[in-house]
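Trainee: Got a minute to go through this model with me? I'd like to hear how each label is earned.

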Amino acid sequence: MNNFYPPILQKLIKALSSLPGIGEKSANRLALFLISKVSLCELLGDLLKELPYKVKLCQICRNFSEEHLCAICKDENRDPSKICIVESPWNLSQIEGVGIYRGYYYVLHYLLAPREGFGPQELGLEGLIRLIENRPIKEVVLALSPTLAGEATSSYIAKVLENYPIKITKLACGVPMGMELQYADTLTLKRAFLGREVLKGTTR
Ligand SMILES: [Zn+2]
């Protein structure tokens, strides 16, 4: 830390370096860049102050939303027979970006990682089960990263949903094993989606 900087700058650099992927050098560069940018500083200040209070989880699918329901759950023109399970709202927007899926989603926010304290409880599957029981769901698409945690989570969810009369599919292995979904490009994601493998057939 550069002790010759005024205290506010030191504090900003310390705060910025606590962000993921930002080391002390990048934090320095960002902080020095911001000093002369009055309107950007004001905008960031306003947005950051509101952010944690404005962004909530959609009551149905747990996507980020400023209202009770997210834009996707409010869209009645989607296919109500499909739910795609994703880890994060980021993965959801990636799949939306591919433009071939028109069903609804369910966002887990966590993958199973018992050692880090993320067990089945954190996945919040009650909401998903509620959807499956109350909607004409025919297919659940597991669109989780093909990492150890993603695979473990997919298997766990497939097991939980075993006795429901629905088809369970999983993204094909177009996404390389071990790669987090967020790093997959659109074409790879599209192939993985179109070629999704059936883990369990439908009886409904
Ligand atoms: Zn929603």
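Mentor: Sure, start with the layout: the chain is split into domain 1 (7–54) and domain 2 (77–200), with bounds that come from an automatic or database domain assignment. This is a predicted model, where local features need pLDDT of at least 70, side-chain atom pairs count only at pLDDT 80 or more, and totals for chains, interfaces and linings use all residues. Residues are numbered from 1 along each chain as its sequence is written.

Trainee: What separation do the centres of domain 1 and domain 2 have?

Mentor: Taken over C-alpha atoms, the two centres are 34 Å apart. The C-alpha trace of the chain spans about 70 × 35 × 35 Å along its principal axes.

Trainee: How many helices and strands does the chain have?

Mentor: Nine helices and seven strands. Both are DSSP runs numbered from the N terminus: H or I over at least four residues for a helix, E over at least two for a strand.

Trainee: How do you know what span to expect for helix α3 (residues 38–54)?

Mentor: The expected span is 1.5 Å times one less than the number of residues. With 17 residues, α3 reaches 24 Å from first C-alpha to last, close to the 24 Å expected.

Trainee: And why is α3 called hardly covered?

Mentor: Buried calls for 20 or more other C-beta atoms within 10 Å of a residue's own, with 12 or fewer being exposed, anything in between partly exposed, and C-beta atoms placed from the backbone. The count of buried residues in α3 is zero. Over the chain, 26% of the 204 residues count as buried.

Trainee: What makes Leu 111 buried?

Mentor: Leu 111 has 23 other C-beta atoms within 10 Å, so it is buried. Its place is in the loop between β4 and α6 (120–123). Leaving aside neighbours within four places in sequence, its contacts (C-beta atoms, placed from the backbone, within 7 Å) include Phe 118, Leu 144 and Thr 153.

Trainee: Which residues have the most contacts inside the largest nonpolar core?

Mentor: Cys 84, Ile 85, Tyr 105, Val 140 and Ala 143, in a core of 36 residues. β3 (79–86), α5 (89–98), β4 (103–107), β5 (139–142) and α9 (186–194) each supply at least two of its residues. The name "nonpolar core" goes to a set of buried Ala, Val, Leu, Ile, Met, Phe, Trp, Tyr and Cys residues joined through C-beta atoms within 7 Å.

Trainee: What does Ile 85 touch?

Mentor: Not counting residues up to four places away in sequence, its contacts include Tyr 106, Val 140 and Ile 157. Tyr 106 is also the bridge partner of Ile 85 in β4.

Trainee: How do you know that β3 and β4 pair?

Mentor: Pairing needs at least two bridges found by DSSP. Five bridges join β3 to β4, running parallel, and four join β3 to β5, also parallel. β5 and β6 are parallel too, with four bridges.

Trainee: Why are β4 and β7 (197–200) edge strands?

Mentor: The open five-stranded sheet has the order β4-β3-β5-β6-β7, with mixed pairing. β4 and β7 each have a single partner strand, so one side of each is left without a neighbour in the sheet. Neighbouring strands here are turned by 30° against each other on average, direction ignored.

Trainee: Which strands does helix α8 (residues 148–160) lie across?

Mentor: β3, β5, β6 (167–170) and β7, with α8 running at about 165° to β5. For such angles, axes are lines fitted to C-alpha atoms, for helices over the stretch in contact, and the range is 0 to 180 degrees between N-to-C directions.

Technical notes. Two residues are in contact if their C-beta atoms, placed from the backbone, lie within 7 Å.
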